[in-house]
Each structure stands twice: as structure tokens, then as C-alpha cells.
Amino acid sequence: MTRVLLLGGTTEAAAMARALAEAGVDAVYSYAGRTEAPVAQPLPVRVGGFGGVPGLVDLLLTRRFTHIIDATHPFAAQMSRNAVEASRITGVPLIALEREPWQARPGDRWTHVPDIAGAVAALGEAPRRVFLAIGRQTLAPFAAAPQHHYLLRLVDPPTEPLPLPRAEAVIARGPFTVEGDRTLLERHRIEVIVAKNAGGTGAEAKLIAARELGLPVVLIDRPVVPERPVARSVADVMAWLND
């Protein structure tokens with residue numbers, strides 16, 4: 001009998017969960033639990049980490065999972081690395097449901113950097129108004145550049161002071177529209193955007209709005225994960241399950 005562990009937390013994971021539920025597949029949706037009010041899912045849900053590779057191996061064996069679908073965020077690299085290693089140890093086959101990264105188009109003014117430290121450096125010394133569209137987990141390094149004014153967009157209201165001396169937050173959940181993001185950038189007089197190359201459509205609006213306004217974007221490249229089978233659509237994953 002097929003039993004699937006779906007590693008989620010993304011729009012793609014939610015679509016995958018719906019497809020599994022509609023097909024009657026025995027599956028569990030697992031996510032890290034960093035969002036206070038996650039979207040309801042049509043599958044049984046577990047929240048939290050596994051305790052590294054050993055904990056994930058133990059879960060796969062004790063719960064007798066037959067397949068792993070990694071539909072985590074492209075920047076959840078440690079979880080993806082752990083999943084690849086746990087798959088290797090247990091022999092449970094794994095596939096990643098992964099978004100295509102964004103590609104520059106005519107009019108884009110992108111500066112590619114390898115990591116968060118590179119993004120901090122790319123902002124330069126002169127004070128700028130920055131739309132820091134990277135979530136709340138990796139804000140602290142930008143405290144090294146306190147001369148900038150930072151606009152943050154968060155899913156949940158912050159429960160403790162932000163680690164940046166000059167920052168304000170707007171609370172919103174995607175997907176976002178180009179019109180809405182253009183208005184946001186103009187209202188806050190943003191001069192540069194910092195974003196992760198997450199891909200997908202839910203957060204692309206800010207890049208299109210930046211193109212229309214002629215704003216520069218500092219784009220953080222995806223972290224490297226071990227080689228693994230990759231699918232670009234829910235249909236492809238379902239075909240893999242039924243193979």
C-alpha cells in the first residue's frame with residue numbers, strides 16, 4: 001500500500017495535498033510550523049522538525065512510508081538535504097516538486113548574489129529605502145547595514161522587536177498582484193528590492209512591479225542541494241507515484 005510523506009509549506013505543497021486527497025492516497029502533510037495560522041489542508045498534518053536525519057529515518061520506518069515528496073520552499077535547503085539522505089538510508093524513493101527559478105527579462109535590473117551576506121554587501125554604504133522581501137527568518141544579518149530603511153512583508157505580526165533599527169512591517173499573505181505591489185513600492189518610496197529567487201507565481205508580482213518602475217533588485221541565488229529527481233508539476237508527481 002502506498003503511504004506518502006509530503007514535506008510542505010508552499011503553494012505547490014497545498015496543490016499536491018489536494019491531488020493526493022482527491023486520489024484517495026494515504027498521505028501525511030508535514031511542515032515546519034513557522035506560520036502561526038497555516039492554511040487548512042485536506043490531509044492529516046504534522047507540525048515541527050524531525051530531529052535531523054536520524055529522526056526522519058525513524059519516522060519513515062516506523063510509519064512505513066513508501067514515498068517522500070519534497071515540496072518545501074526552495075530555500076529550505078537543510079530539510080531537502082536531510083530528506084535526500086534519509087531516502088538514501090531507508091531506500092524510500094523521493095521526488096522534489098520544485099518551482100522553476102525566475103529568469104530575467106528585458107528591463108530587469110537584477111544583481112545576483114550567492115547568499116544573505118552578499119545581499120547585505122550589495123546594498124552599499126549610502127542609505128537606501130529597501131523592500132526586504134525575504135521573510136522573517138534571515139533578517140538579523142541586515143542589522144550590519146543600519147543606515148538603510150527597511151520595509152518588510154510578513155505573514156504574521158512580529159511577536160518581538162525586529163532586529164533592524166529602521167524598519168517597518170506590513171502584514172500580508174500572498175499571492176500578490178502587480179498592481180498591489182507597484183502601489184506598495186511607490187507608497188513607501190522604495191529604491192531597491194532584496195528577494196530570494198524562490199520562483200513560482202505567488203511572489204513574482206514584486207519583480208514585475210520593479211521592472212515597470214525601473215527599480216533594481218538584489219536577487220539571492222538558491223542554495224545548493226544534493227542531486228535528486230525533480231518534478232515541475234503536481235501531475236508529474238502523481239504519474240511518478242503511479243509508475
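The legends below describe close-up views of a predicted model.

**View 1. An open sheet of six strands with parallel pairing, in the order E3-E2-E1-E4-E5-E12.** At the edges stand strand E3 (45-47) and strand E12 (230-231). Each of these has a single partner strand, so one side of E3 and one side of E12 are left without a neighbour in the sheet. Within the sheet, strand E1 (residues 3-7) pairs with strand E2 (residues 26-31) in the parallel sense, over five bridges. Arg-3 can be used to locate this pairing, as Asp-26 in E2 stands opposite Arg-3. Helix H1 (residues 11-22) packs on the sheet. H1 touches E1 and E2, and also strand E4 (67-70) and strand E5 (94-97). The direction of H1 makes about 160° with that of E1.

**View 2. The packing of H1 with helix H7 (residues 234-241).** Two packed helices are described by the angle between their axes and the distance between the axes. For H1 and H7 the angle is about 45° and the axes are 10 Å apart. Angles under 35 degrees count as roughly parallel and those from 65 to 115 as roughly perpendicular; H1 and H7 are therefore oblique to each other. The crossing of H1 past H7 is right-handed. On the H1 side the contact is made by Glu-12, Ala-15, Met-16, Ala-19 and Leu-20. On the H7 side, the contributing residues are Val-234, Val-237, Met-238 and Leu-241. By class, the contact of H1 with H7 has eight nonpolar residues, one charged residue and no polar ones.

**View 3. The crossing of helix H2 (residues 52-62) and helix H3 (residues 77-90).** The axes of the two helices come within 9 Å and cross at roughly 50°. That angle makes H2 oblique to H3. The crossing of H2 and H3 is right-handed. From H2, the residues in the contact are Gly-52, Val-53, Leu-56, Val-57, Leu-60 and Leu-61. They meet Met-79, Asn-82, Ala-83, Glu-85, Ala-86, Ile-89 and Thr-90 in H3. Sorted by class, the residues of the contact of H2 with H3 are nine nonpolar, three polar and one charged.

**View 4. An open sheet of six strands in the order E6-E11-E10-E7-E8-E9, with parallel pairing.** The edge strands are E6 and strand E9 (167-171), and each pairs on one side only. On average, neighbouring strands of this sheet are turned by 20° against each other, direction ignored. Helix H5 (residues 178-187) packs on the sheet and touches E7, E8, E9 and E10. The direction of H5 makes about 150° with that of E8. Another helix, H6 (residues 205-213), lies across E6, E7, E8, E10 and E11. H6 runs at about 150° to E10.

**View 5. Strand E11 (residues 216-220) and the two strands paired with E11.** Strands of a sheet pair through backbone hydrogen bonds, either parallel or antiparallel. Strand E6 (residues 109-113) pairs with E11 in the parallel sense over five bridges. One bridge in this pair joins Trp-110 to Val-217 of E11. Strand E10 (residues 192-196) also pairs with E11 in the parallel sense, over four bridges. There, Val-194 stands opposite Val-218 in E11. E11 is mostly covered, with five of its five residues buried. Pro-216, Val-218 and Ile-220 point one way from the strand, while Val-217 and Leu-219 point the other way.

**View 6. Strand E7 (residues 129-133) with E8 and E10 as partners.** Strand E8 (residues 149-154) and E7 pair in the parallel sense over four bridges. In that pairing, Tyr-150 of E8 is the bridge partner of Val-130. The pairing of E7 with E10 is in the parallel sense and has four bridges. Here Phe-131 has Ile-193 in E10 as its bridge partner. E7 is mostly covered: five of its five residues are buried. Arg-129, Phe-131 and Ala-133 point one way from E7, and Val-130 and Leu-132 point the other way. Arg-129 is among the buried residues of this strand.

Terms used: Residues numbered from 1 in each chain as written. Predicted model: local features only at pLDDT ≥ 70, side-chain atom pairs only at ≥ 80, totals over all residues. Heavy atoms only, no water. Axes fitted to C-alpha atoms, helices over the stretch in contact; angles between N-to-C directions. Parallel < 35°, antiparallel > 145°, perpendicular 65-115°, else oblique. Left-handed = near helix turned anticlockwise from the far one by under 90°. Contact = heavy atoms within 4.5 Å. Nonpolar A, V, L, I, M, F, W, Y, C, P; charged D, E, K, R; others polar. Buried < 20%, exposed > 50% of the residue type's maximum accessible area, 1.4 Å probe, protein only. Pairing = 2+ DSSP bridges.
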